[in-house]
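Biologist: I am new to this structure and would like a close look at a single part, taken slowly. Could you start with one helix and what surrounds it, and then carry on to the place where the chains touch?

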Amino acid sequence: MADTMELRDIEVWDGNMAAAQALRQAQVDVVAAYPITPSTPIVEGYATFKANGYVDGEFVMVESEHAAMSGCIGAAAAGGRVATATSSQGFALMVETLYSASGMRLPIILNVVNRAIGAPLNVNGDHSDMYMGRDSGWIQLDAYNPQHAYDLNFIAFKVAEDHDVRLPAMVHQDGFMTSHTAQGVCTLSDEVAYNFVGEFQPMNDMLDLDHPVTHGVQTEEDWHFEHKARQQHALMTAVMPKIEAAFAEFEALTGRKYNVVETYQMDDAQTAVICMGTSVETAMEVVDELRAQGIKAGVVGIRVFRPWPLEQLAEILKNVKAIGTLDRSSPHGTVGTLYNEIAGSLFNTGVKAVLNNYIYGLGGRDLTKAHLVGIYQDLQANAESGTLTTPLQQYIGLRGPKLSFF
Amino acid sequence: MSEIKKIKNLKEFSTSADRFEGANLLCPGCAHSIIVREVLNATNDDLILSASTGCLEVCTAVYPYTSWDASWIHIGFENGSTAVAGAEAMYKALKTKGRLKQPDRVPKFVAFGGDGATYDIGFQWISGCFERGHNMMYVCLDNEVYANTGGQRSSSTPIGSSATTSPAGRVSYGEKQNKKDMLAIMAAHGAPYVAQVAPNKWKDMVAKIQKGFAAEGPVYINAMSACTTEWKFAPEDTIAISDLATDSLVFPLYEIINGSELNITYRPKNIVPVRDYLGAQGRFKHLFTKQYEYLLDEWQTRVDAKWVQLQRREEARV
Ligand SMILES: Cc1ncc(C[n+]2csc(CCOP(=O)(O)OP(=O)(O)O)c2C)c(N)n1
Ligand code: SF4
Ligand SMILES: [Mg+2]
């Protein structure tokens with residue numbers, strides 16, 4: 001039996017410690033991991049818990065991120081709770097196996113501490129790795145601060161391991177801005193946390209020696225499409241209701257309320273910024289200041305990135321006149337991902353909002369309140385004229401002459 | 001410790017508990033299937049298996065069918081070793097936590113991979129598994145070529161072999177590099193047991209598999225696997241070609257215990273010339289010209305030197 005750890009009601013944790021503690025409290029059976037900045041402290045923290053008797057599962061320190069996810073897949077197929085953490089280059093190295101994990105319907109939890117992807121090499125936070133995971137068939141939840149990083153891990157286990165879901169899930173947090181920034185985190189006791197997540201219920205487990213199973217088969221044009229369709233069906237129909245139910249249960253337990261799409265001052269908003277990660281809270285502060293000046297601005301934060309909350313967004317945005325989509329990843333040849341996703345969400349709804357796109361914060365560049373004030377000014381002008389008054393895509397916080405496209 | 005299965009004769013062996021079905025898509029005469037059956041039949045214990053992408057995998061688990069009557073997993077080309085290592089870690093975790101469904105049964109963990117999966121793309125993963133000391137057996141089905149994808153070279157492809165990415169042509173005799181010594185590399189990991197086996201020497205093979213299963217820690221088995229399609233010989237000649245391989249000492253049979261103690265386990269009564277082995281296969285056909293006479297001599301010299309080296313190692317007991 002692993003020792004329980006006495007926690008204060010509020011601990012001062014950074015996002016990495018919050019995630020490591022959540023993995024400990026979920027009593028993960030196998031963690032196979034490889035270190036990379038800025039997610040390394042999750043792995044180190046977990047190793048320290050293990051070394052001090054707070055973890056009785058296996059901790060396998062492998063030789064690469066590809067091996068980390070491969071080991072997680074083998075362990076999950078064997079039948080138990082599995083989790084790991086990574087960032088950036090490590091995430092990129094894992095990509096092949098991410099598709100294997102989801103295609104094999106294995107509920108693995110991956111903490112992704114978001115970081116830029118080289119070249120040029122960069123250790124700081126942006127959303128390039130998170131966006132790279134978009135099509136991999138994983139559930140993607142986004143934390144904006146250490147508290148979220150802690151709470152969303154419990155939600156992730158509960159949803160991913162549900163037998164109606166059986167899909168892997170990523171919990172994202174911003175490199176350094178969340179992962180290395182200590183804040184007060186309201187804790188759950190070990191017992192309460194574990195009970196919320198629940199006992200792992202195996203399914204098609206290789207270690208059930210009386211019922212041998214074959215995992216990871218070959219399918220060609222005869223069955224591949226049906227398999228992928230079934231996976232999409234689970235992701236599209238089973239996941240959102242389970243997430244909403246888990247959020248509700250978590251709120252009843254802790255008083256902390258999460259939503260598939262987070263909104264701030266959106267009831268009567270004429271302009272809205274849509275973003276992810278730490279930027280959501282910065283935008284909220286700016287909205288407070290704008291509201292004090294009588295400007296009807298709001299913020300939309302994506303909490304569930306995959307599956308994409310298309311209908312919820314269409315509803316939330318139906319009365320907004322101008323929307324700025326903020327992408328912390330270089331789109332390399334097109335509009336930003338959030339621009340595309342929001343445009344797709346609104347296209348058939350009759351909403352006539354003016355939509356534009358900001359690329360910001362690459363490689364950990366700060367997004368300042370002044371940047372956001374400028375963005376809301378653009379949006380206000382767009383809202384008033386009912387048309388784009390700026391280029392469609394603008395780079396924010398970039399040195400040198402202004403850069404914009406479309 | 002589970003009991004070692006006793007096997008009296010080939011007839012009994014070939015009909016004992018069958019967890020790898022004859023219903024598979026491997027070519028008629030494919031040695032992979034013979035090796036897999038011999039490995040699986042060497043034990044009555046429960047098995048948790050993996051395969052890397054390659055002929056064995058694509059021919060035995062085509063949805064909605066499976067040839068495996070034991071738990072089996074495939075992830076990709078490079079990570080069959082780590083797939084089983086992950087399962088082994090889960091076994092340990094559930095044992096510690098008292099959650100095994102059949103706590104009295106101790107399964108064996110076995111990964112199968114081709115030479116491409118082993119010598120090339122999966123090398124790092126295997127090295128990692130061995131360094132960490134997982135309780136598992138890794139069996140390389142060594143047919144010296146990427147057979148599944150149509151016969152491209154691997155770092156196990158021997159000199160002079162014509163592979164599709166190292167083809168023999170007007171100005172080339174085919175593969176230029178010598179085969180990598182995977183057994184030495186795996187022994188250097190300090191593995192408790194490393195051995196080369198061949199399906200035609202089934203008693204030797206079963207003895208080694210059983211030794212491997214009895215060892216604590218990671219075990220590496222290099223299994224010579226004659227490939228009718230890529231080596232280019234008639235499907236009914238698999239065992240005859242395999243006999244030539246072991247009797248010419250191109251594939252010497254030996255074991256290395258704890259990274260040092262080397263034992264030769266088969267000494268042919270009549271050593272056949274390497275030429276006889278090479279000449280029986282289409283992949284070496286182009287070497288039998290005046291121009292490449294010297295390569296055939298070099299082949300013999302290399303095989304002789306290796307045999308001398310193995311005997312010296314055996315005598316030295318280090
Ligand atoms: C990452 C990756 N690279 C390449 C391939 C293509 N591929 C599949 S099997 C194979 C060759 C397998 O050769 P080997 O391991 O020797 O097994 P064999 O088929 O000869 O038994 C290759 C190149 C792949 N599936 N995955
Ligand atoms: S190509 Fe060779 S290894 Fe592959 S199934 Fe045929 S005989 Fe076996
Ligand atoms: Mg091969």
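**A helix and its surroundings**

Modeller: In chain B of this predicted model, helix H10, which spans residues 238-247, holds a set of buried residues, namely Thr238(B), Ile241(B), Ser242(B), Ala245(B), Thr246(B) and Asp247(B). The cover over the buried residues of H10(B) comes from parts of chain B that include helix H2 (31-41), strand S8 (219-224), helix H9 (228-232) and helix H11 (274-279). After H10(B) comes Leu249(B), a residue with a positive phi, near 70°.

Chain A offers a helix to set beside this one, namely H11(A), residues 337-346, which is mostly covered, with 7 of its 10 residues buried. The buried residues of H11(A) are Thr337(A), Leu338(A), Tyr339(A), Glu341(A), Ile342(A), Ser345(A) and Leu346(A).

Turning to the place where the chains touch, the contact draws 48 residues from chain A and 44 residues from chain B. Between them, chain A and chain B bury about 3500 Å², and 58% of this lies on carbon and sulfur atoms. Of the area that chain A buries against chain B, 19% is supplied by Leu207(A), Leu209(A) and Gln218(A), which is more than any other three residues give.

Charged and polar pairs also cross this interface, where the rule finds 7 salt bridges between chain A and chain B. In one salt bridge Asp205(A) is joined to Lys101(B), with the closest N and O atoms 2.9 Å apart. For polar contacts, the count between the two chains is 22 residue pairs, with both residues at pLDDT 80 or more.

On the side of chain A that touches chain B, the elements giving two or more residues are strand S3 (58-61), helix H3 (65-78), helix H4 (88-103) and strand S9 (214-215) of chain A. H3(A) gives the most to that side, with 9 residues. By residue type, the side of chain A that touches chain B divides into 21 nonpolar, 18 polar and 9 charged residues.

Strand S9(A) also takes part in pairing between the chains, as S9(A) and strand S2 of chain B, residues 71-73, pair in the parallel sense over 2 bridges. Within this pairing, Thr214(A) stands opposite Trp72(B), a residue of S2(B).

Methods
Residues numbered from 1 in each chain as written. Chains lettered and ligands numbered in written order. Predicted model: local features only at pLDDT ≥ 70, side-chain atom pairs only at ≥ 80, totals over all residues. Heavy atoms only, no water. Contact = heavy atoms within 4.5 Å. Buried area = accessible area lost by both parts, 1.4 Å probe. Salt bridge = Lys/Arg side-chain N within 4 Å of Asp/Glu carboxyl O. Polar contact = N/O pair within 3.5 Å; in protein donor to acceptor, adjacent residues only side chain to side chain. Helix = DSSP H or I, 4+ residues; strand = E, 2+ residues; numbered from the N terminus. Nonpolar A, V, L, I, M, F, W, Y, C, P; charged D, E, K, R; others polar. Pairing = 2+ DSSP bridges. Buried < 20%, exposed > 50% of the residue type's maximum accessible area, 1.4 Å probe, protein only.
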